Amino acid sequence: MGMRAAIVVGATGLTGTSLVEQLCENDEYISVTVIARRALAFTHPKLEVKIRNFDTLEEKDIEFAHELYCCLGTTMKKAGSREEFEKVDFEYPLTIASLAKNRGIPHMLVITAMGANESSPFYYNRVKGKLEHDLMELGLQRLSIIRPSLLVGDREEFRFGEKAGEKALKLVKPLLVGPLKRSRAIEASQVAKAMIIIALYGNKQSVTIYPSQELAKLDFPVMQDDDVSREPLFNWNKYSANDEEDKVNREVIINRDKYKIEETVVDKEVKFQRREDK
């Protein structure tokens, strides 16, 4: 059994709920702390839930952990105004990241959006793009940006727009091939699993962006020997789409001179399962 500790914010949402459950069942983690504004229905011996007001979070509210998983997010309808939307989707994640940095947490994984871009004509994507930019400027030791497409799964709350979009994408899924494959909806449980895989085996570089089509392919490695090192074990470029259109556009978001992208070394003793599209 491992000795890792994780902190999760946004644990009551679709992806966050699945993430907490998977972390608690993962042998690498002995402690999972959730910082939330309300209690969780899920309980587990490894799990501790801290009820906090995110407007008054302090450094003492965040203890050391190996990973900080941020799944915070809302909708304009639920938020009620742009000000409240930005508070949840921009201000809270940035504040929490700053507190985590002061606490020495080495790795933050944050969910943004497939179209995140500061220059996007769409307000939602602009906010997500600005969050990515400001998190990078914060100078975290390691930042993994998760960009899923439309998330599907069983929510506690009904969202008409997302349900309609989910049904539409299911109908056109057979047509989404090649460059369009990145637009396929993705199960929230798969995104949660991919985040854990990234935390345990992903790139160690300062900033990495993971597009939806890459998240959909990730699965836990099959270890040949129990003593295989859990350092970066595979080449992420191998699992990236080859289509030119599928490549992540980092020009808007990343200063290439500041954030160096390095290749990972492949350990030939480890074989990986590839998750087939459903």
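This short presentation describes the sheet, the helices and the nonpolar cores of one structure.

Good morning, colleagues. Please bear in mind throughout that the model is predicted.

I begin with the sheet. Seven strands, 7 in number, make up an open sheet with parallel pairing, and their order is β3-β2-β1-β4-β5-β6-β9. At the edges stand β3, residues 47-51, and β9, residues 207-211, each of which pairs on one side only. From one strand to its neighbour in this sheet, the turn is 15° on average, with direction ignored.

Within that order, let us take one pair of strands. Strand β1, residues 4-9, is joined to strand β4, residues 67-70, in the parallel sense over 4 bridges. One residue of this pairing is Val-9, whose bridge partner in β4 is Cys-70.

I turn now to the helices that lie across the sheet strands. Helix α4, residues 123-137, lies across β5 (108-111), β6 (143-147) and β9, and runs at about 170° to β6. Helix α6, residues 188-201, lies across β1, β2 (29-36), β4, β5, β6 and β9, and its angle to β5 is about 155°.

Which element supplies the largest share of the largest nonpolar core? The answer is α6, with 11 residues. That core has 36 residues, and Val-8, Leu-23 and Tyr-69 are those with the most contacts inside it. At least two residues each are supplied by β1, α1 (14-25), β2, β5 and α6.

Tyr-69 merits a closer look. Leaving aside neighbours within four places in sequence, Tyr-69 is in contact with a set of residues including Val-8, Leu-19, Leu-23, Tyr-29, Leu-109, Met-195 and Ile-196. Apart from the core just described lies another, of 33 residues, among them Ile-7, Val-9, Met-108 and Ile-145.

Finally, I come to the packing of α1 with α6. How do these two helices cross? Their axes come within 8 Å and cross at roughly 50°. An angle under 35 degrees would count as roughly parallel, and 65 to 115 as roughly perpendicular; α1 and α6 are therefore oblique to each other. The crossing is right-handed. On the α1 side, the contact is made by Leu-14, Thr-15, Ser-18, Leu-19, Gln-22 and Leu-23. On the α6 side, the residues are Ala-188, Ser-189, Val-191, Ala-192, Lys-193 and Ile-196. Leu-19, Leu-23 and Ile-196 are also among the contacts of Tyr-69.

Thank you for your attention.

Conventions: Residues numbered from 1 in each chain as written. Predicted model: local features only at pLDDT ≥ 70, side-chain atom pairs only at ≥ 80, totals over all residues. Heavy atoms only, no water. Pairing = 2+ DSSP bridges. Axes fitted to C-alpha atoms, helices over the stretch in contact; angles between N-to-C directions. Contact = heavy atoms within 4.5 Å. Core = buried A, V, L, I, M, F, W, Y, C linked by side-chain atoms within 4.5 Å. Buried < 20%, exposed > 50% of the residue type's maximum accessible area, 1.4 Å probe, protein only. Parallel < 35°, antiparallel > 145°, perpendicular 65-115°, else oblique. Left-handed = near helix turned anticlockwise from the far one by under 90°.
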